[in-house]
Amino acid sequence: MREITSPPLVSTAGHRNATDLLMQRFRSDPGHVAFEVRSAGAAITDPWRQVTTQQFVHEVRALAKGFIAAGLQPGESLAIMSPTRYEWALADMAAWFAGAVVVPIYETSALPQVTAILKDAEVRLAVAGSAAHALLLEQGFEQAGTACLGVWTMDARQVSDRADLAGLAAAGAHVSDAAVEQRRLLADLDSVATIVYTSGTTAAPKGALITHGNFVGQVLNVAAAYTEVVRGDGNTIIFLPMAHVLARGLQLICLANGMRIAHLSDPRDVVPALGALKPTFLVVVPRVLQKIQASAAAAAAKKKLGPVWALAQRTAVEWGRFAEAHDADPTVRAPFGLRARHALFGRLFYKRLRTLVGGRLDFLLSGAAALDAELSLFFRGLGLPVIEGYGLTETTAPLTGNMPGSIKAGSVGVPMPGTTVRISEQGEVLARGVGVFAGYRRAADNAEAFADGFFRTGDLGALDERGRLTLTGRSKDVIVTAGGKTISPAIWEGYVEGDPLVAHAVMVGEGKPYLGGLVLLDPESVAAWAEREGISDLAGLRIPHGGGAVQIDDSRLLSAIGKAVNAANAKIARSEQVRRFVLLLTDLSEANGFVTPTMKLKRGAFTEHARPIVEKLYAESGRRA
């Protein structure tokens, strides 16, 4: 199959712009709890403040008045730089009520990045999370040489300062509700709602113009497709960066359909928050799922139940496969032995894991990186189905997704309603539909971004007979060996990254006689592994300062990772297998320039930095996987 279209389930007619998603909910059920907000300094387990839809609209209007009073004009850009928190949602919607275009900036961004975005997007006013973020924004405005109406913080300032959101709202008290309503209705579905700068894994960041229509079309159709997930009695926790379009799209879906939202700025708070808030749905990245699985294995090992847990894990994967078969044919029954083992391990392990995540979780959605098929099957076997999806900033997040009742591990599912996916002759995934953006801010960036009316994703993939998409790599990442063999490294890399000890795997070998591998270790997982193994003398496991990478030659770690490399090699053709690899430690913070704000590896930047290591890998005898 070369192309498939999923027709829209809901029309965008009846919506002026994205603010109507909130206002229609406000008119139908103003007293419904929309947010749960953690008080400053409160423990995760303390009661969270509940904010109704009516209260949220009142706060949004008040802040919009402040923006208007500060001099922000319709169509002008407003930047938000902050960790994920309730006030992010407030400022985002208030900016739209004031008729502005929102420009999100990752709170981890460095000054040069901040400056470039402020200048390119012609930002006029900014909202910062903290005083430190405010200072960075002020410096950015100064270096960009652009006029600024001011920078206000979400964190409270001194009463005399009034440079916080509370002070801004107070300053706009004289603006009438009618003036705000007039501003709110200025934008239509074709108007730009936000300029989101791409992460830039392979190139310089580009400003993607996402319209109100993109948001409205996605929110209405995704909610209609996932009625088992999106429901009025459900709730979720958002801990992805709010600067990411996926988090903002998810928030709009919840707001429009009455799902309660809680925000967390620190991912380390997620596990205790699960027990306190008991979400019904959660968006995660594969790394979170890997760590949950590894933590369960570690807990079993401490109780001398390692072999029992290993069997329980295999049983969960088997049950996941049965569940997939049952989706396709409801008459299929699980063998008696599998049913018995699943019931036993359900009492011993699975129920406890479901309780750990709150006990009410119906579905997990995984995105941002490839999800190992066995990991997906494992969670399905636990009773926690994982819906893997795929999308980009330029598609307003979800482009394809598995559906409840039709989940296929290893696939990223079918096109979202209102979307067409086409596979080009070169194997590239092309997209057209309600979520596909209006183009990049700079015309030059659009030159090669579209083909025959379709957006070129840069990803390689294939459609099966049921229209499900499977991704096979990035078109710019392909490796051509000295023998002329063209290799897409993503499949091997994904298999190796399924090991909890591995943060990233990078296949190399451009112009070389065989393929090699750079395996970047996850220091936290390695430390936990060493403790479980009773290893106390691991040397060299210190992240190097100054952006360097250090090679780790510990034989025990090489042996452990070698098993993952061998397992990956066993799943692919001989010509695609890695013959030699090295273990590396490096600083994987965004400041080091090797990862994006969403922790995707900037492959080109890293491999260029690691060129001496790669040359050494091929110059020496190396180690065979």
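1. Let's start at Gly-275, which is partly exposed, with a relative accessible area of 35%. Gly-275 belongs to helix H10, covering residues 270–277. Measuring C-alpha to C-alpha, Gly-275 and Glu-394 are 35 Å apart in space, with their positions 119 residues apart in sequence. Keep in mind throughout that this is a predicted model.

2. Strand S11 is a good place to look next. S11 takes in residues 260–263, with Arg-260 and Ala-262 pointing one way and Ile-261 and His-263 pointing the other. All four are buried, whichever way they point. On pairing, S11 runs parallel to strand S2 (residues 33–37) over two bridges, and Phe-35 has Ile-261 as its bridge partner in S11. S11 also pairs in the parallel sense with strand S10 (residues 235–238), this time over four bridges, and there Asn-235 stands opposite Arg-260. Between S10 and S11 the chain passes through helix H9 (residues 245–257), giving a right-handed β-α-β crossover.

3. Arg-260 turns up again in the electrostatics. Its side chain meets that of Glu-36 in a salt bridge, at 3.5 Å from N to O. This pair links distant parts of the chain, since Arg-260 sits in S11 and Glu-36 in S2, 224 residues apart. What are the relative accessible areas here? Arg-260 is at 19%, so it counts as buried, and Glu-36 is buried too, at 10%. The cut-off for buried is under 20%, so Arg-260 makes it in at 19%.

4. The whole model has 25 salt bridges, and two others deserve a look. Asp-120 and Arg-441 meet through their side chains at 3.7 Å, N to O. Asp-120 is in helix H4 (residues 111–120), while Arg-441 is in the loop between strand S18 (428–433) and S19, and the two are 321 residues apart. Asp-120 is buried at 19% relative accessible area, whereas Arg-441 is partly exposed at 31%. The other is Arg-380 with Asp-327, whose closest N and O atoms are 2.9 Å apart. Arg-380 lies in helix H14 (residues 373–382) and Asp-327 in helix H12, so this salt bridge ties together parts that are 53 residues apart in sequence. Here Arg-380 is buried, at 15%, and Asp-327 is partly exposed, at 26%. Salt bridges with shared partners also join Asp-120, Glu-122, Arg-441, Arg-442 and Asp-445 into one network.

5. Now for strand S25, residues 515–521. How many of its residues are buried? Seven of seven, so the strand is mostly covered. Leu-515, Gly-517, Val-519 and Leu-521 point one way, and Gly-516, Leu-518 and Leu-520 the other. S25 runs antiparallel to strand S24 (residues 502–508), joined by six bridges, with Val-508 partnered by Gly-516. S24 and S25 make a hairpin with six residues between them, and Gly-509 in the turn has a positive phi of about 145 degrees. S25 is also joined by six bridges to strand S27 (residues 578–586), in a parallel arrangement, where Gly-516 stands opposite Arg-580.

6. Two backbone angles are worth checking by eye. Lys-304 is not a glycine, yet its phi is positive, near 60 degrees. Lys-304 is in the loop between H11 and H12 and is exposed, at 72% relative accessible area. Asp-452 is likewise a non-glycine with a positive phi, of about 55 degrees. Asp-452 lies in the loop between strand S19 (450–451) and strand S20 (454–463), and is exposed at 63%.

7. There is a nonpolar patch on the surface made of Leu-305, Val-308, Leu-344 and Leu-348, with about 270 Å² of accessible area together. Leu-305 is in the loop between helix H11 (286–302) and helix H12 (306–328), and is partly exposed, at 31%. Ala-312, by contrast, is found in helix H12 and is buried, at 0% relative accessibility. The C-alpha atoms of Ala-312 and Phe-345 are separated by 5.9 Å, although the two are 33 residues apart along the chain.

8. Last, the cysteines. How many disulfides does the structure hold? Zero. Cys-148 is partly exposed, at 33% relative accessibility, while Cys-254 is buried, at 1%.

How values were computed: Residues numbered from 1 in each chain as written. Predicted model: local features only at pLDDT ≥ 70, side-chain atom pairs only at ≥ 80, totals over all residues. Heavy atoms only, no water. Buried < 20%, exposed > 50% of the residue type's maximum accessible area, 1.4 Å probe, protein only. Patch = residues over 30% accessible without salt bridge, like charges linked within 9 Å, V, L, I, M, F, W, Y side chains within 5 Å. Areas by Shrake-Rupley, 256 points an atom, 1.4 Å probe, with all protein chains shown as cover. Salt bridge = Lys/Arg side-chain N within 4 Å of Asp/Glu carboxyl O. Disulfide = S-S within 2.5 Å. Pairing = 2+ DSSP bridges. Right-handed = clockwise from strand over helix to strand, strands pointing away.
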